[in-house]
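Visitor: I'd like to learn how to read a protein model. Could you walk me through some features, one at a time?

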Amino acid sequence: MNARQVQQKFARNPVRCACQFAVAFLLFSHPALGAATQDPNTGRLYKWRHLPDLPQPLGVAGPYAGISNNALIIAGGANFPVPLFDGGEKVWADDVYVLQKDSAGNYSWRTGYKLDKPMAYGASVTTDQGVICIGGCDANNCYPDVFALTWINGKIERRTLPALPKPCAFGAAAKLGDTIYVAGGQPSPSAASAMNNFWSLDLADTRPQWHQIEPWPGPARILPVAAALDGAFYLISGCEIQSDDQGGATRRYLKDAYRFDPSRRWRRIADVPAPVTAAPSPAPAYGPSHLLVFGGDDGTYSSRIWELKEKHPGFSTNILAYHTITDTWAKMAALPAGHVTTVAVSWGDSVVVPSGEIRPGTRTPVILQAIPIKPKPNFGLINYSILGAYLLALVAMGLYFSKREKTTDDFFLAGRRIPWWAAGISIFGTQLSAITFMAIPARTYATDWAYFLANMCIVLTAPVVVFIYLPFFRRLNVTTAYEYLEKRFNPAVRFFGSAAYIIMQLGRMAIVIFLPAIALSTVTGIGIHTCIILMGLLCTFYTVLGGIEAVIWSDVLQVVVLFGGAVLSFVIIAFKTENGLAGMITAAAADGKFHIANLTWDHTTAALWVVILGNLFSQLIPYTADQTVVQRYLTTSDQKQAAGSIWTNAVLTIPASLIFFGLGTALFVFYKANPDALEPALNTDAIFPLFIVQQLPAGISGLLVAGVFAAAMSSLDSAMNSVATAIVTDFYRPLKPHSSDAARLKLARLLTVILGATATIVGLLMASYEIKSFYELFMAVLGLFGGSLAGLFALGIFTRRAHGRGALVGAVASALILLAVQRLTKIHFFLYGAIGISACFGIGYLASVIMPAKPRNTRGLTIR
């Protein structure tokens with residue numbers, strides 16, 4: 001059977017052929033042939049090493065510590081010069097030590113600096129203003145003192161800050177944004193109870209003052225662990241001070257934990273598996289959604305201290321990871337030694353645990369440094385083979401269709417011979433980029449279904465496109481959507497619309513291969529630069545050869561693979577969940593994962609009305625003004641076929657949305673039940689690729705990863721072909737109307753090569769240099785014109801009085817208004833499309849009324 005017969009057979013019965021392909025592939029890729037595995041080192045989050053020991057040979061417990069101007073400051077603390085079990089008494093220190101690192105990477109201590117008085121057991125946090133030291137005590141008193149220590153020009157400078165509302169020691173603190181939060185502690189060394197205090201200090205205030213905030217809904221405590229991550233403050237474990245039968249005080253070790261959101265207040269989170277009292281605090285973040293607690297005292301030997309004495313085994317060495325999304329704890333790794341009553345200091349990418357207590361009465365001068373280990377997954381030979389075969393199939397597809405690309409009509413519109421269902425799948429696949437394929441499950445995994453109705457607006461938009469917009473594109477027999485703008489308004493509006501589209505796509509092309517490359521590189525072990533080059537080169541190759549026809553049929557293959565893989569993943573998770581699908585639904589519902597609508601009038605959140613209204617307008621932008629999508633309408637043989645493609649895309653959106661949102665929920669249930677399977681270093685957007693590599697059989701995971709590669713290339717190839725179409729049709733042909741079709745085809749292929757190379761190079765630059773913030777700003781500016789473009793088409797179709805000058809005024813004004821909205825308000829981004837389209841339409845119409853122009857013949861160009 002030759003290639004043409006294969007294509008014809010697939011066109012006649014795509015479902016049957018796809019099923020045959022799937023069965024054959026499953027038979028080939030038996031799990032026994034090998035699976036993707038994780039390198040043993042991935043279980044270890046850090047590589048541990050010792051920095052130079054503290055100059056105080058006994059070490060100290062309860063020091064203040066932090067980073068100032070890339071130097072580690074350790075101040076105060078307490079120890080036992082005479083061993084505790086030999087009758088020694090605790091001595092408080094006022095020494096300040098500074099550890100510097102030179103340009104060669106060598107460390108050295110600077111000594112000879114002093115605090116105002118000996119102090120220990122306060123809290124400390126690192127800030128841009130220095131190391132903020134909060135509270136503390138000596139043998140007789142607790143203090144409310146707050147001060148900043150800064151390392152400047154070889155000296156320690158001390159600056160006094162507002163004092164705490166009350167004396168406080170043995171509390172915990174963390175910095176969230178510009179605000180320091182302090183929780184727990186005791187007001188005096190002999191206090192019979194702990195404090196239930198929660199204070200905040202906003203360092204951004206011109207005259208900062210401490211504020212009392214409603215405390216957590218749990219027992220008062222000392223020696224808790226504090227942390228800050230993703231807009232929330234966390235309070236974990238600690239000890240409650242209770243009176244014993246003899247009138248003394250005893251400690252009750254706590255496992256409860258709480259989350260404080262400044263906008264939503266306190267919420268109890270999952271209990272720690274065991275108490276982690278006095279663990280180094282603030283707990284460091286690892287990746288976007290994990291907090292790590294280093295060891296701590298679980299209280300197991302608290303009643304046997306004087307019995308065990310020097311034989312005390314020390315404190316826990318477990319590294320417990322709290323996952324903020326699934327609200328779960330898991331043991332992730334182990335410490336080389338358990339240090340308590342000290343600080344966890346973030347120093348660059350590493351975490352430093354300076355000195356501290358290693359058993360009751362015993363300190364250590366050891367300074368531990370934890371350097372993160374990047375995960376090194378082993379993708380497996382079978383998976384690499386499948387990935388290679390898939391990518392070669394795309395190249396073969398380009399070679400096959402290259403024989404048919406004889407004219408620009410073939411290269412740009414596939415000779416208008418694409419069947420309606422393939423064009424519809426291609427529209428769906430173009431919108432289903434690799435970013436979307438990963439982002440929708442990731443967002444649902446992290447949140448809920450509040451964005452689900454945004455996708456359903458595609459279905460509501462379809463009738464408008466089919467019955468109002470499509471007839472104009474087909475009746476005028478155009479190649480690009482922007483040709484309509486010239487016929488309705490003037491050449492300037494056409495050039496503006498096409499140029500805005502081209503520039504937006506130029507900006508988008510690099511990002512659609514860069515972002516998937518990050519996730520793919522992380523989960524497969526293939527270098528990010530290799531991923532970018534591989535996608536860029538292959539995509540350019542088959543697009544140059546096969547034109548839009550190769551692009552569309554590769555989209556069809558990609559959708560079948562990705563959609564099938566998503567369904568398979570969902571089924572596998574259901575089988576791995578206790579009580580199957582019913583158990584998965586029950587578990588997700590218990591955590592509120594099916595929440596679908598925010599019933600509020602707040603325009604700054606994803607409220608129900610914001611989601612629906614905003615997306616009814618936003619969906620008009622790609623389906624009425626984006627050449628990448630409109631070009632698919634034009635590849636079919638007639639208007640009826642084009643309408644079928646739009647309906648196909650709309651119908652596919654419903655099951656696809658259910659599958660991808662459901663998959664995100666399923667991933668949440670799976671990883672909540674298996675938190676130790678999470679990879680903390682991964683970005684949340686990589687959760688689905690992680691599952692693919694971890695849990696799917698060999699070959700299947702390779703095929704799905706290949707599909708993600710293809711999805712990224714689909715977005716890129718669509719943009720390359722459509723931009724080349726726009727440049728040749730909207731600029732080259734009007735400027736050189738007598739040029740031959742062969743010359744235009746040659747130029748289109750050359751432009752495709754240039755566009756592919758540009759996207760690849762910019763993607764590599766983004767992977768190599770810190771240009772992401774500049775690029776995001778660039779994309780934000782370009783995004784202002786999406787609403788303007790859709791507004792121009794609406795203005796042309798729905799009005800007769802609007803003219804070219806008025807339309808351009810409306811387009812520019814729309815972009816400026818949207819810029820002001822983005823910069824000066826907190827309106828939810830879902831409403832940006834509605835604002836942009838409405839502003840362009842309204843201002844464009846008013847400008848046309850105010851500025852008279854010579855009447856144009858609009859017969860057949862408006863809805864009337």
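Guide: Let's start with empty space. On a 1 Å grid over the protein atoms alone, a cavity is a set of points where a 1.4 Å probe fits but cannot get out, and lining residues have an atom within 4 Å of a point. Keep in mind that this is a predicted model, where local features need pLDDT of at least 70, side-chain atom pairs count only at pLDDT 80 or more, and totals for chains, interfaces and linings use all residues. Residues are numbered from 1 along each chain as its sequence is written, and side-chain values use heavy atoms, with hydrogens and water left out.

Visitor: Which residues lie nearest the centre of the largest cavity?

Guide: Those are Gly122, Gly171, Ser281, Thr341 and Thr342, out of 19 lining residues. Strand S9 (123–127) and strand S13 (172–176) are the elements giving two or more residues to that lining. Strands (E, at least two residues) and helices (H or I, at least four) are DSSP runs, numbered from the N terminus.

Visitor: How much space lies in the largest cavity?

Guide: About 200 Å³. A volume here is the space filled by probe spheres set on the grid points, which are joined across faces, edges and corners. The count comes to 7 cavities of 30 Å³ or more, and the second largest has about 100 Å³. Tyr445, Leu678, Glu679, Leu682 and Ile687 are closest to the centre of that second one, among its 13 lining residues.

Visitor: What classes of residue make up the linings of these two cavities?

Guide: Ala, Val, Leu, Ile, Met, Phe, Trp, Tyr, Cys and Pro count as nonpolar, Asp, Glu, Lys and Arg as charged, and the others, Gly among them, as polar. The largest cavity's lining has 12 nonpolar, 7 polar and no charged residues. For the second largest, the split is 7 nonpolar, 5 polar and 1 charged.

Visitor: Now helices. Where does H11 bend?

Guide: A bend at a residue is the angle between axes fitted to the seven residues ending there and the seven starting there. H11 bends by about 120° at Gly546. You can see it in the span too: the expected span is 1.5 Å times one less than the number of residues. Helix H11 (residues 528–576) has 49 residues, yet its end C-alpha atoms are only 32 Å apart, short of the 72 Å that a straight helix would reach.

Visitor: Is Phe401 buried or exposed?

Guide: Buried means under 20% relative accessible area, exposed over 50%, and partly exposed in between (1.4 Å probe, protein chains only). Phe401 comes out at 3%, so it counts as buried. Phe401 sits in helix H4 (residues 381–402), and its C-alpha atom is 6.1 Å from that of Ala550, 149 residues apart along the chain.

Visitor: And what should I look for in the backbone?

Guide: Most residues other than glycine have a negative phi, and most peptide bonds are trans. Here, the bond from Ser281 to Pro282 is cis, with omega near 5°. Pro282 is in the loop between strand S20 (265–269) and strand S21 (285–286). Asn70 isn't a glycine, but has a positive phi of about 60°. With 46% relative accessibility, Asn70 is partly exposed.

Visitor: Last one: how many disulfides are there?

Guide: A disulfide is a pair of cysteine sulfur atoms within 2.5 Å, and the count here is 0. For Cys142, the nearest cysteine sulfur is that of Cys137, 4.7 Å away.

Technical notes: 1 Å grid on protein atoms, 1.4 Å probe; cavity = no way out; pocket = protein on both sides within 12 Å on 5 of 7 lines; lining within 4 Å.
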